[in-house]
Amino acid sequence: QVQLVDSGGGSVQAGGSLRLSCAASANPYNNYCMGWFPQVPGKEPEGVAAIHTDGRSTYYADAVKGRFTISQDNGKKSVYLQMNSLKPEDTAMYYCAADRAYDCAEASWSEGRVYDSWGQGTQVTVSS
């Protein structure tokens with residue numbers, strides 16, 4: 001497992017932007033699948049974006065394609081989620097997740113069960 005620290009959440013109006021950051025403590029920092037998971041009370045977390053640290057795969061949920069961009073800076077051991085054109089339905093606690101054994105497969109990247117490390121979460125609130 002790896003320690004993850006999420007940051008960057010806040011309150012914005014619809015149409016606004018936020019940039020979430022996830023800093024990992026892993027050493028070495030390679031071969032990780034890193035994902036972002038919004039969680040709303042009463043619902044299972046479902047990934048909105050994921051990236052493999054070697055850059056070979058990047059995924060987005062249909063609901064965020066064209067609005068969110070996942071990126072990384074391996075030198076800083078960090079993953080980012082740029083969130084543009086935010087909507088009230090994007091409101092959630094956002095968690096960064098990581099797993100080294102998991103290869104970021106297209107069939108399952110959005111499932112929380114495949115990740116073994118989670119950040120503490122950062123709240124995103126979008127008002128209409």
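**Close-up views of a predicted model**

**View 1. Glu111 and its charged partner, Arg113.** Glu111 is partly exposed, with a relative accessible area of 28%; here buried means under 20%, exposed over 50%, and partly exposed anything in between, using a 1.4 Å probe and protein chains only. What does Glu111 form with Arg113? A salt bridge, with the closest N and O atoms 2.6 Å apart. That term stands for a side-chain nitrogen of Lys or Arg within 4 Å of a carboxyl oxygen of Asp or Glu. Arg113 counts as exposed, at 67% relative accessibility. Elsewhere, Asp54, Arg56 and Asp103 are joined into one network by salt bridges that share partners.

A word on the model: it is predicted, so local features need pLDDT of at least 70 and side-chain atom pairs count only at pLDDT 80 or more, while totals for chains, interfaces and linings use all residues. Residues are numbered from 1 along each chain as its sequence is written, and side-chain values use heavy atoms, with hydrogens and water left out.

**View 2. Two more salt bridges, Asp62 with Lys65 and Asp90 with Arg67.** Searching the whole structure turns up five salt bridges. Side chains of opposite charge can pair when their charged atoms come close. In the Asp62–Lys65 pair, the closest N and O atoms are 3.2 Å apart, and Asp62 is exposed, at 66% relative accessible area. For Asp90 and Arg67, the closest N and O atoms are 2.8 Å apart. Asp90 sits in the loop between β8 and β9, and Arg67 in the loop between β6 (58-60) and β7 (68-73), so this pair ties together parts 23 residues apart in sequence. Are Asp90 and Arg67 buried or exposed? Both are buried.

**View 3. Ser78 in strand β8.** Ser78 belongs to β8, which covers residues 78-83; strands are DSSP runs of E, at least two residues, and helices are runs of H or I, at least four, all numbered from the N terminus. Ser78 is buried, with 8% relative accessible area. A polar atom of its side chain lies 3.0 Å from the backbone oxygen of Lys76. Leaving aside residues up to four places away in sequence, Ser78 touches Cys22, Ala23, Tyr29, Ser71, Gln72 and Asp73, where touching means heavy atoms within 4.5 Å.

**View 4. Ser108 in a loop.** Look for Ser108 in the loop between β9 (92-99) and β10 (117-118). Ser108 is buried too, at 12% relative accessible area. Its C-alpha atom is 9.6 Å from that of Gly47, though the two residues are 61 apart along the chain.

**View 5. The largest nonpolar core.** How many residues does this core have? There are 39, and those with the most contacts inside it are Met34, Trp36, Leu81, Tyr94 and Tyr115. A nonpolar core here is a set of buried Ala, Val, Leu, Ile, Met, Phe, Trp, Tyr and Cys residues joined through side-chain atoms within 4.5 Å. β9 gives the most to this core, with five residues. Leu81 touches several residues, including Trp36, Phe68, Ile70 and Tyr94.

**View 6. β9 and its partner strands.** Six of the eight residues in β9 are buried. β9 pairs with β4 in the antiparallel sense over seven bridges; pairing calls for at least two DSSP bridges between strands. Gly35 stands opposite Ala97 in β9. β9 also runs antiparallel to β11, with three bridges, and Tyr94 stands opposite Thr122 there. Two bridges join β9 to β10, again antiparallel, and Ala98 has Ser117 as its bridge partner in β10.

Notes
Polar contact = N/O pair within 3.5 Å; in protein donor to acceptor, adjacent residues only side chain to side chain.
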